[in-house]
Amino acid sequence: MSDTLTKLAYQTFQQGKSYFGLAHKTLSSQLLNLIYPSDHQNLKPLGPEILVKLQHRLARLLEADWEDAEQGVYPSSLLFDNSWSDFFRFYPAILLDMPQIKQRANQKRYQEFSPEIEKVGYPSYYLQNFHYQTDGYLSDMSANLYDLQVEILFNGAADVMRRRILAPLKEGLKAFSSTAPQQIRVLDVACGTGRTLKFIRGALPQASIFGMDLSPAYLRKANQLLSENPGELPQLLQANVEELPYLNNYFHAVTSVFLFHELPAAVRQRTIEECFRVTKPGGVFVICDSIQVSDSPDFMSMMENFPAMFHEPYYKHYTTDDLVERLEKAGFKDISTEVHFVSKYWIAHKPSES
């Protein structure tokens, strides 16, 4: 009965997040379109059959999330992990910020930053208002709003999709079964606000976890989040994914979530090569990102709409990019892929030393 009640609570929790996300997007878009009319003629209509398929995919995603928790891949407490203090504190700020985002989108202003933002030292592709969000990834307010914005975007499924990396991560780490759990090192590349690292910590309570990101503001948020765990000492570094500041063959596993669709093609390749370099022989590299045309052709219209609605300059190329080929070029072997809801996963292994 306990498991039944827990599952019912989980389903109710996720349904509530889904309904909230849908209501927010529907009502806010209608209101903003009245105040700031925009041309949506370029958007492809999503027929009812697509919406039904999306609902079925979401249901399968939630079932997989529940099953992994039930089988002990990660504690069931992660199923209910949600920062309610951030929600009540920052949701009003999201509402207040939406008119600026709408105007920026209407006027195609995507390289706009507050005067106090330091822009020196960042690659040009990074100095953009991805999603037209205020200050891009370079302000504390952006970092405070990001997780809630993404949860709303995915109707409450963003964290669930992040947790899909945990099962292949733990499976890949079985190659190091003779290594003490405390000596296992896991790196999350472009860790952002630390949500994925928090889930990795839940699944691997004894491992040493590392995170790097280009945004100091997002690293401050990650430090705040991870420091909520008693005794946690976050090992976070500001760095560029093209030049990871770590030794060769250092990590038993490397992860990356929602990064590659925001990188130019050449940078994707360099990032993969850097991840290969820092991964130990026998180690695993797990990527989570958007679906692609090759695995989800039925959702082509949705993929075409995404960069039209949001500023995502590298997304269109990403949707047809062959990441398996890129991973193989870098040296990874035994590559498999999975698709869950609107996210795709690559699980790649670095060959063991002979």
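Start with the surface of the whole protein: about 16,500 Å² is exposed, and carbon and sulfur atoms supply 56% of it (accessible areas follow the Shrake-Rupley method with a 1.4 Å probe, and for residues only the protein chains shown count as cover). What you have open is a predicted model, where local features need pLDDT of at least 70, side-chain atom pairs count only at pLDDT 80 or more, and totals for chains, interfaces and linings use all residues. Residues are numbered from 1 along each chain as its sequence is written, and side-chain values use heavy atoms, with hydrogens and water left out.

**The whole fold**

Zoom out and colour by secondary structure to see 12 helices and seven strands (DSSP runs numbered from the N terminus; helices are H or I with at least four residues, strands E with at least two). The C-alpha atoms fill a box of roughly 65 × 55 × 40 Å along the principal axes. The radius of gyration is 20 Å, which agrees with the value near 20 Å for a compact globule of 354 residues (taken over C-alpha atoms; the globule rule is 2.2 Å times the number of residues to the power 0.38). Of the 354 residues, 54% count as buried (buried is under 20% relative accessible area, exposed over 50%, partly exposed in between, with a 1.4 Å probe and protein chains only).

**Stop one: a patch on the surface**

Select Leu 31, Leu 34 and Ile 35, a nonpolar surface patch with about 340 Å² of accessible area together. Patches are made of residues with over 30% relative accessible area and no salt bridge, joining like charges within 9 Å and nonpolar side chains (Val, Leu, Ile, Met, Phe, Trp, Tyr) within 5 Å. Leu 31 belongs to helix H1, residues 2-35.

**Stop two: helix H8**

Now select residues 216-226, helix H8, whose buried residues are Ala 217, Tyr 218, Leu 219, Lys 221, Ala 222, Leu 225 and Leu 226. What do the buried residues of H8 pack against? Show helices H3 (84-106), H4 (140-153) and H7 (195-203), together with strands E2 (208-213) and E3 (235-238).

**Stop three: Arg 195 and its partners**

Stay with H7 and pick Arg 195, which is buried at 8% relative accessible area. Arg 195 forms a salt bridge with Asp 81, with the closest N and O atoms 2.8 Å apart (a side-chain nitrogen of Lys or Arg within 4 Å of a carboxyl oxygen of Asp or Glu). This pair links distant parts of the chain, 114 residues apart: Arg 195 is in helix H7, and Asp 81 in the loop between helix H2 (48-70) and H3. Next, add Asp 159, whose side chain meets that of Arg 195 in a salt bridge at 2.5 Å, N to O. Asp 159 sits in helix H5 (residues 158-162), so this pair ties together parts 36 residues apart in sequence.

**Stop four: helix H9**

Move to residues 265-278, helix H9, and select Arg 268. Is Arg 268 buried or exposed? Arg 268 counts as buried because its relative accessibility is 0%. The Arg 268 side chain reaches the backbone oxygen of Phe 260 at 3.0 Å. Finish with Arg 270, whose side chain meets that of Glu 242 in a salt bridge (2.7 Å, N to O). Arg 270 is in H9 and Glu 242 in the loop between E3 and strand E4 (251-257), so the pair ties together parts 28 residues apart in sequence.

Definitions and conventions: Contact means heavy atoms within 4.5 Å. A polar contact is a pair of N or O atoms within 3.5 Å; within protein, one must be able to donate a hydrogen and the other to accept it, and residues adjacent in sequence count only if both atoms are side-chain atoms.
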